[in-house]
Amino acid sequence: MKKYDYLIVGSGLFGATFAYKANKAGKRCLVIDKRPHIGGNVYCERTEGINVHKYGAHIFHTSNKEVWEFVNSIVEFNRYTNSPVANYKGHLYNLPFNMNTFNELWGVKTPQEAEAKIAEQKKEAVAALNGGEPSNLEEQALTLVGKDIFEKLIKEYTEKQWGRKCRELPSFIIKRLPVRLVFDNNYFNDKYQGIPIGGYNKLIEGLLEGIDTKINIDFFRSEYHDWRKWADKLVYCGPLDEYFDYCYGKLDWRTVTFKTRIEDVPNYQGNAVVNYTSHDEPYTRVIEHKHFEMFGQEVYDCPKTVVSEEYSTEYKEGMEPYYPVNDEKNNSLAEQYRKLASAEENVIFGGRLAEYKYYDMAPIIEKVLCMSI
């Protein structure tokens with residue numbers, strides 16, 4: 001008799017939530033992860049009394065009450081509201097684009113004035129298309145928000161993110177840009193948002209409580225690669241192309257790297273996330289981790305702070321893959337792999353790596369909660 005019903009490869013949100021649900025259904029699970037910790041990219045490191053988001057800022061947000069109540073049943077979430085700031089050559093602008101942004105850009109004070117200014121800014125780009133559709137990201141952005149916002153808050157930031165000129169990027173990347181004619185800096189429209197009190201490790205540990213878990217195990221270079229000896233079914237959360245030994249070729253990814261340091265001040269930049277939107281700085285943003293969980297006097301009761309510069313780069317062997325490159329070539333290649341995946345018996349492919357699809361956190365949890373196990 002096999003020891004487990006499920007062998008789960010990867011302890012990120014998909015794998016951990018699946019294991020939790022399967023365990024509640026009386027199934028026996030083994031979770032393995034090749035990293036030296038559980039939690040995938042939501043893992044936090046404790047430094048100077050601060051939970052540091054090791055793999056970049058993770059802000060949980062959802063309008064799904066069931067998902068919100070589910071995660072809060074594991075660990076209570078705080079009231080953190082994501083309100084990033086953009087720094088363009090030393091000038092600060094609120095994000096997403098709202099009345100505060102437009103006031104800082106143009107001095108407008110009413111929604112009517114802002115609408116008129118945006119319409120004026122878009123006019124030239126719309127006319128240049130002569131009734132046609134935007135063929136690249138630059139044309140798309142200019143027809144949505146006009147020259148000033150594009151030049152200061154989109155163009156160079158996007159080029160740093162993707163390592164390509166905006167004219168070389170497909171228009172669909174930026175099909176919709178949030179333009180809000182209200183003085184509201186809340187980045188998300190979702191009803192619920194926050195950070196687990198005590199960090200994301202509390203969430204993952206709660207999901208995996210009582211479940212057999214092993215770290216530092218590479219599925220492809222361990223005894224578990226012959227998974228049918230161990231379990232009836234496999235839940236695979238690793239890279240889709242790697243599972244099939246790259247038989248059609250390798251999928252492309254963008255990745256991010258971080259330079260993290262301790263600053264000997266209690267409050268370095270006054271906000272959790274500041275985007276740097278010009279080429280003057282090589283990094284795309286700076287994260288000050290304490291602002292995710294510390295508010296008011298708590299910020300100053302903790303005498304030091306931890307900041308991370310985030311750099312966007314092309315994926316190379318040995319790096320962590322982050323974002324799928326959803327261009328025509330990679331989408332076509334991914335579809336070939338998905339056909340192979342659909343033919344695999346007793347294997348579930350789940351999560352951004354295994355599906356070659358970008359996910360926020362809440363939709364991953366929602367997807368697992370809706371699965372029959």
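**Entry 1, pocket lining.** I looked up which helix gives the most to the lining of the second largest pocket, and found α4, with 5 residues. The model I am reading is a predicted one. I then listed the helices that each supply at least two residues of this lining: α4 (111–129), α5 (137–145) and α6 (147–162).

**Entry 2, pocket volume and centre.** I noted a volume of about 270 Å³ for the second largest pocket. Its lining counts 14 residues, and I recorded E124, A125, A128, E138 and L142 as the closest to the pocket centre. I sorted the lining by class and got 7 charged, 5 nonpolar and 2 polar residues.

**Entry 3, sheet.** I moved on to the strands and traced an open sheet of 5 in the order β9-β2-β1-β10-β16, with parallel pairing. Why do β9 and β16 each have one side without a neighbour in the sheet? I found β9 (212–214) and β16 (347–349) at the edges with a single partner strand each, so one side of each is left free of a neighbour there. For the twist, I noted that neighbouring strands of this sheet are turned by 15° against each other on average, with direction ignored.

**Entry 4, one strand pair.** I picked out β1 (residues 4–9) and β10 (residues 231–236), which pair in the parallel sense over 5 bridges. I looked up Y4 and found A231 as its bridge partner in β10.

**Entry 5, helix on the sheet.** I checked where helix α1 (residues 13–24) lies, and found it across β1, β2 (29–32), β10 and β16. I recorded an angle of about 165° between α1 and β1.

How values were computed: Residues are numbered from 1 along each chain as its sequence is written. This is a predicted model: local features need pLDDT of at least 70, side-chain atom pairs count only at pLDDT 80 or more; totals for chains, interfaces and linings use all residues. Side-chain values use heavy atoms; hydrogens and water are left out. Two strands pair if DSSP finds at least two bridges between them. Helices (H or I, at least four residues) and strands (E, at least two) are DSSP runs, numbered from the N terminus. Axes are lines fitted to C-alpha atoms, for helices over the stretch in contact, and angles run from 0 to 180 degrees between N-to-C directions. Contact means heavy atoms within 4.5 Å. On a 1 Å grid over the protein atoms alone, a cavity is a set of points where a 1.4 Å probe fits but cannot get out, and a pocket is an open set with protein on both sides within 12 Å along at least five of seven lines; lining residues have an atom within 4 Å of a point. Grid points are joined across faces, edges and corners, and a volume is the space filled by probe spheres set on the points. Ala, Val, Leu, Ile, Met, Phe, Trp, Tyr, Cys and Pro count as nonpolar, Asp, Glu, Lys and Arg as charged, and the others, Gly among them, as polar.
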